Amino acid sequence: MRPDSSACCSSRGIVRALAAGWGPLGWLLAACLLTGCAADESNTALVQAPQRAQVLLSAEAALPDAAAPWQQTGVPDWRPGERAVWYRVTFDVPPVWRESWAVYLPYLYGGGAIVLNGSTIEHIGSLSSGQWVRWERPHLVVFPDALLRAGGNVLLLRAEASPIGNSPRLAPLLIGERSALQRAFAARYFAVTALPQLTAIACAVAAVFMFFIYWRRRSEVLYGLFGLAVAMWGVRTMHFVIEALPAPWWPAWRTLYFASTGGFIVALMLFTMRMAGQVHRRVEAVVLAYWALGPLVYVFTRSQDWLSRVWIGGFVPVGMALGAFAVVAAWRRRSVANIALAVSVVIGVLCGVHDYLLAIGSETMRAWLPQWTAQRLFLLHHGANLLLLVMGAVLAGRFLGALREVELANRTLESRVAARERELATSYRQLADLQRAQAAAEERALLVRDLHDGLGSVLFTSLARAERGDMAGGDVAQMLRECIAEMRLVFEATPPDERDFAGVFGSFRFRWQQLLQAQGIRSEWAIELPPGSIEMAPHNALQVLRVLQEALTNALKHARATSIRVSIARAGDTWCLAVEDDGDGIAAAGDAPREGRGIGNMERRAQRIGGELSVDSGGRGTRVTLRIPTSVTHHAAAAG
Amino acid sequence: MTISVLIVEDEPEFLQRFAQAVLGDPSLRLLGAVSTGAAALAILAASAPDVLMVDLGLPDMNGVDLIREAARRCPACDAMVVTMFGDDGHVLSSIEAGATGYLLKDAMPQQISQCIHELRAGGSPISPSIARRVLARFQQRATAPPQAPVKLPRDEQVQLSERETEILKLVAKGLAFQQVGEVLEISQHTVVAHVKKIYHKLAVHSRGEAVYEAGQLGLL
């Protein structure tokens, strides 16, 4: 049976131990535990945290007895330099205990043995057993019930030297009921063993992934640096996972430890600087050289102490500068990523400095935080993990941002292209409409002028003559036939389905051939006009046909020809259209001046389409030749 | 043997002019000279003229429909459409409806009777623009996708022969029948006979097309 006061004291012991071991997190845990205690006081277990112990500086493996020269000492106890020492701790056990008792050792770096009341209950491998050890793990050793006595008990602890110095030989141990110690043990086990295992695996995976990205995209240096940082951190963390090694491998393993520790810091620094857009080749070269220096010195001197104190210490200002740099960079460009990076770099640097001081066994730290220092909890495990997580998140954020930008750019580009296409289509349509409207207007103007010149002038002249009574019935019929011929000509020249002059000319020829035949005039047609050879706008075709019609009419009416020859031939860049007759020449017909035969009219028409007209006429026969440049006929919209 | 002629023309001047031309030729017999489609149909119901002369702009019906009806009732009758300029699209529609000739409205009386005789003798007139359109009609059919759901009878899947195509091409250039004949080394008479055959083909062709289109529309 245990008194109530003892229970209270015991739960305070847990709280203290946990709070000492876990800092803020520990306080949180302790708070939970306290509320738990308040709710369930009767279940509170017994835990003792011995503050005093005796030490025997003896490397002897044999169990020392009470008569040996034990010296009084405190817990924790620092014994640098000694090969192995014995500790003697006494504790009281109530007359009745509900469950097994145990001892919880936060660490026993060099290994050794645990002896309860004269019986060895645990052996932990040490340097002397032919291997190099560095036990990071905590120990929870259960006391066999048979060995435990009600009242006073003696616990002997043999602590071997650790290959890495500057740590207390005797950790702040706890003794009590096993279930009460389990939680503290589990918490520390997770922090120093399970977490590094998880970290090492996660780092390996992340590093492979990042290196792959960098391998495929060399320009993404940040991914490479991040991969390097993760890889370095993973390798370094492996030292907390692999605790025992064959002795010959130790130096190489240790070299790797220093290289990866320094490498992590260097990679971190390069990453942070590049992230802020700063590339200082000289600074980078100096830091890289400093990094290489450490492992080299270790290889040649095997001076662990120098490396841990001086070389790693040299990274402290580097880390400080890095933290300051990150803070300034975040201040200048206040983004979530920059601020998160700065905060985590500062936390990481603080953790690093803390761990550095802890690792070199800083006297100041011991004086200020004796309990905390004795727990030896390295914070960089958490700080670096946080930092790496933030770095990864920042990179992922950048990656997503880049994707978003690409998408945005694509969308912008697509919409711009689409808008441009729409604009172009619209302007093309407008242009086409405009051209159509203009062409229609021009065509209409030309046709109207033509009606005016042709049908109009005949009708008005005839009207004047008829009203003067100067027109016999035959004359009227003749005039009307001329008008109809005029209309036919217009229809022939402007077929809805044809732009080829050959087709247009076919209708003209067909009509005139019949007409000439009906008049008993021989006609010869020498037409070298392959289909498609002349494409002409309707009004131009009309001008050409009108000239020919005028010439034919002259031959029919005035020249009294018996034979007419019509020819179309190409001569170089010119189309030559000619009408020849064997009738009276213009010179011979004294009463019919040039104008009477409409030659001026024909010339004007020829000029309108960019051609020229020549009339060869002597006493006998007339030849009217119309020459049109081929360029005019090809460019259908010749100016009127 | 005289040729009986039925004239359908709504303008009295021209009705009289055409009637005079027919009456002036002893080898022609004027079966009737009417100014409406209904009157023409009534005469067609009673007797079959050798030549039907139709103006398209009738007051009571479309001349093209009258031609189609006449071609249906008396296949031996030659329908002749009266046109002002000889190149309007109505001439082609009339030929598709069954007309085998056309007459220019300003033709002289002698030309009118000559035209009737030629038509009866098996020759049809054709102008370059009509030749072009006929060619285009056949080419259009030839290039149309061959996916008729209604299988046309073999005789209705008409195509122009090579000779017929050649004739149309030469006419389209403006060559007179005589010149066409010279080029192809056949008589002028054979040329116009070919033209008549072409017109028949076009009519059959467009009937087939109508069947084809009705099939497309689900009417058959």
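User: What makes strand 3 and strand 4 of chain B a pair?

Analyst: In this predicted model, strand 3 (residues 51-55) and strand 4 (residues 78-83) of chain B run parallel and are joined by five bridges. Two strands pair if there are at least two bridges between them, so these strands qualify. Val51(B), for instance, stands opposite Asp78(B) in strand 4 of chain B.

User: Which helix packs on the sheet, touching strand 3 and strand 4 of chain B?

Analyst: That is helix 5 (residues 109-120) of chain B, which also touches strand 1, strand 2 and strand 5 of chain B. The direction of helix 5 of chain B makes about 175 degrees with that of strand 5 of chain B.

User: In what order do the strands of that sheet come, and what makes some of them edge strands?

Analyst: The open sheet of chain B has five strands in the order 2-1-3-4-5, with parallel pairing. Strand 2 (28-34) and strand 5 (101-104) of chain B each pair on one side only, and they are the edge strands. From one strand to the next, the twist averages 25 degrees.

User: Where does helix 2 of chain B lie?

Analyst: Helix 2 (residues 37-46) of chain B lies across strand 1 (3-8) and strand 2 of chain B, and runs at about 135 degrees to strand 2 of chain B.

User: Why is Arg137(B) called partly exposed?

Analyst: Happy to walk through that one. Arg137(B) has 18 C-beta neighbours inside 10 Å. Buried would take 20 or more and exposed 12 or fewer, so Arg137(B) counts as partly exposed. Arg137(B) lies in helix 6 (residues 128-143) of chain B, and its C-alpha atom is 9.6 Å from that of Leu92(B), 45 residues apart along the chain.

User: Turning to chain A, how do you know that helix 4 and helix 5 of chain A are roughly antiparallel?

Analyst: Helix 4 (residues 250-275) and helix 5 (residues 281-301) of chain A pack at an angle of about 170 degrees, with their axes 9 Å apart. Angles over 145 count as roughly antiparallel, so the term fits this pair. Among the residues that meet are Phe258(A) and Val266(A) from helix 4 of chain A, and Leu288(A) and Trp291(A) from helix 5 of chain A. The residues of this contact divide into 11 nonpolar, four polar and two charged.

User: And which helix of chain A gives the most to the side that touches chain B?

Analyst: In all, 14 residues of chain A are in contact with 11 residues of chain B. Helix 11 (473-493) and helix 12 (501-518) of chain A each supply at least two residues of that side of chain A. Helix 12 of chain A gives the most, with nine residues. The residues on this side of chain A comprise seven nonpolar, four polar and three charged.

Methods
Residues numbered from 1 in each chain as written. Chains lettered and ligands numbered in written order. Predicted model: local features only at pLDDT ≥ 70, side-chain atom pairs only at ≥ 80, totals over all residues. Helix = DSSP H or I, 4+ residues; strand = E, 2+ residues; numbered from the N terminus. Axes fitted to C-alpha atoms, helices over the stretch in contact; angles between N-to-C directions. Contact = placed C-beta atoms within 7 Å. Nonpolar A, V, L, I, M, F, W, Y, C, P; charged D, E, K, R; others polar. Parallel < 35°, antiparallel > 145°, perpendicular 65-115°, else oblique.
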